[in-house]
Amino acid sequence: MGMGRGEEAEKGIPRIRPLPEELIRLIAAGEVIERPASVVKELVENSLDAGAREVVVTLEGGGLRRIEVADDGIGILPEDLPLAIQRHATSKVPEGRGLQGVSTLGFRGEALAAIAAVSRLRIVSRVADQPTAYGITHEEGRTGPVEPAGRGPGTTVEVRDLFHATPARRKFLGTESIEGLRVLRLLERMYLCRPSVRYVLRSEGREIARYPATLDLREAAVAVFGRALRSGSFEFRGSGGPGVWVRGIASHPSVSRRGGSGVVTAVNGRLIQEHLVQEACREAYGDLLPGGRSPVVILHVEVDPSRVDVNVHPAKREVRWENPKDLRENLVHILRSRLAELPRAGVPLSLLPVWQRAGREDLPGPLAPIKPAPEGWTSAQTTPFVAPLPEGGEEVPALRGTGGFPSLRILGQVGALYLVTEDLEEPGTLVLVDAHAASERIGYERLGEELREARQVLLQPYDLELTPRQQEALRRHRAELERWGFEIDPFGGASYRVRSVPTLLGLRGRPEQVGELLEELADGGRGVPGDSEFERRRKTVACHMAIRAGDRLDLAEMRRLLQTLSATPRNFSCPHGRPILVRVPRPVLNQWFRRP
Ligand code: ADP
Ligand code: MG
């Protein structure tokens, strides 16, 4: 794809010309430029269409003040520079051919015009065999003259003061930091679509990512998602239906990402946001992954351009398939059969509660009697782990008077997650406590207090490697993280050393969670709609430092957890709004056992 350079030398640089009216009418209309990342996407696509081997992206103010994309592609002839900014003028749709079957990333000739309309735009370009570069500037609706300028072969597009004339648009954007990280995330994905091109990202005067050109998709995936993928992934390939070929890299179930953030889809080298692929991946992995997580899958689809319509989305983020069901089914099948070949030992058992296998509707609510195990499950699989009963059943000291929190007798822990207790004020009432949700709430409230002494200095520092994105999140949030008790030092290259973490409960610290925590901070953190950015970060840290399913607590730990919880504000729900305590009153127990 792109335009072979050898070909250009013979035929000359393809000329830019207006699209015929009948094609303009076919173009999917809509907003193309929404944020700095959309500018970068359009400019980088132009660089790729120009056959660039290297693309250097520079940001100031998260891209709001300045974006520059420089490439070593074929360049633009000086006499075509004014046309490049003109709406619906393109060099990519040969005369007499429709939009069907275009093999370049661009084809509408409207990106530069749309960018010029909301910024101050400057293009400087030099065609490879020409001695001089030429530049042109477009500001406040006026295109200036073409004038000699300085640069080597290739093209530099500079976009300053995005949305300066439309301040209302800026309101829909995140902070500079968030917008900058969005650009990083976009470049990662564009790189994974075409890793044969080298990418460099500079932001606020620093180089923050460098992705080397490689023909090895796995190496590219390692550069973006981290070293765990080098041995923790497999290749796959096969048919996605008539005229559709799929190949790629997929992670072992031990390597996963939250939501769909690990799935990257390229269709003929074009980055696409494809829900169909995300669903197919989730389906293929099934309960090999805990709920809400997806594998890392880099999927390259090669398809005859006439079998797929790329002109359905204004920002070209989606395509229309000739036969989407085929693709989905084939992909599930290919991934499943490769997963089945993996050595069993490398595949962790499902982390999902057994009951979820039968489908969500079958989950017993707190008031429903427990149903028999679904067919095919042995009793060993359905018997939850129960901590041995403490001798004599110890009691948490009476906790009356603090926000109505009950006095509880601890009976044990079930499923290495839920505490099982009895309400002493209402004997016979079973109270179940979600240990994760409880410690998440405690941690969240503590983070609001900025407790430096709540840090745990690790006896054995924890070393880890961070991806460029994780490093960037760390740089941006370092001061805040330190205030919260994290001490994470660079240790050469991508290596970092975690020296301390917050111990929000006085239980154990979680240095091994630091990578995922940074990953999520790079995405802006997780919260509920309406949360400020600070709130989202606070919730994210609380969540990652909290007790997790699988942590077996001893009696002292359970007691400390409940005691702290009783003295914590808003102790009825976790920061994401899920309940912490569930009560099963005696009459309900009676009902379950059909006692009158
Ligand atoms: P499109 O990519 O759909 O053609 P654009 O507005 O993005 O529309 O670009 C208009 C034209 O400007 C392109 O068709 C191409 O000829 C030229 N152009 C833009 N960026 C570059 C670049 N980096 N290198 C070479 N030519 C470019
Ligand atoms: Mg374009």
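The largest cavity in this predicted model holds about 580 Å³ of space. Ligand 1 takes up that very space, so the cavity and the ligand are best read side by side. Four cavities of 30 Å³ or more are counted here, and the points below stay with the largest of them and with the ligand inside.

**The cavity and its lining**

- The lining of the largest cavity is made up of 36 residues, and those closest to its centre are Asn46, Ile76, Ser91, Lys92 and Leu112.
- Helix H3 gives the largest share of this lining, with six residues.
- Two or more lining residues also come from each of strand E3 (66-71), strand E4, helix H5 and strand E9 (154-160).
- Sorted by class, the lining has 19 nonpolar residues, alongside nine charged and eight polar ones.

**The shell around ligand 1**

- Around ligand 1 there are 20 residues, of which Asn46, Thr90, Ser91, Lys92 and Gly109 come nearest.
- Three elements each supply at least two residues of this shell: helix H3 (36-49), strand E4 (89-90) and helix H5 (111-117).
- H3, E4 and H5 are thus worth finding in the viewer, since they appear in the ligand shell and are also among the elements that line the largest cavity.
- The classes in the shell are eight nonpolar, eight polar and four charged residues.

**Polar contacts with the ligand**

- Serine 91 places a polar side-chain atom 2.6 Å from an oxygen atom of ligand 1.
- Lysine 92 also reaches the ligand through its side chain, with a polar atom 2.7 Å from an oxygen atom of ligand 1.
- At arginine 108 the backbone takes part: one of its polar atoms is 3.0 Å from an oxygen atom of ligand 1.
- On its own, ligand 1 has 530 Å² of accessible area, and the protein covers 95% of it.

**Residues to pick out first**

- Ser91 and Lys92 are listed among the residues closest to the centre of the largest cavity, and both are also listed among those nearest to ligand 1.
- Asn46 likewise appears among the residues closest to the cavity centre and among those nearest to the ligand.

Technical notes: Residues are numbered from 1 along each chain as its sequence is written. Chains are lettered from A and ligands numbered from 1 in the order in which they are written. This is a predicted model: local features need pLDDT of at least 70, side-chain atom pairs count only at pLDDT 80 or more; totals for chains, interfaces and linings use all residues. Side-chain values use heavy atoms; hydrogens and water are left out. A residue is near a molecule or strand if one of its heavy atoms lies within 4 Å of it. A polar contact is a pair of N or O atoms within 3.5 Å; within protein, one must be able to donate a hydrogen and the other to accept it, and residues adjacent in sequence count only if both atoms are side-chain atoms. Accessible areas come from the Shrake-Rupley method with a 1.4 Å probe; for residues, only the protein chains shown count as cover. On a 1 Å grid over the protein atoms alone, a cavity is a set of points where a 1.4 Å probe fits but cannot get out, and a pocket is an open set with protein on both sides within 12 Å along at least five of seven lines; lining residues have an atom within 4 Å of a point. A molecule sits in a cavity or pocket if more than half of its atoms lie within 2 Å of its grid points. Helices (H or I, at least four residues) and strands (E, at least two) are DSSP runs, numbered from the N terminus. Ala, Val, Leu, Ile, Met, Phe, Trp, Tyr, Cys and Pro count as nonpolar, Asp, Glu, Lys and Arg as charged, and the others, Gly among them, as polar. Grid points are joined across faces, edges and corners, and a volume is the space filled by probe spheres set on the points.
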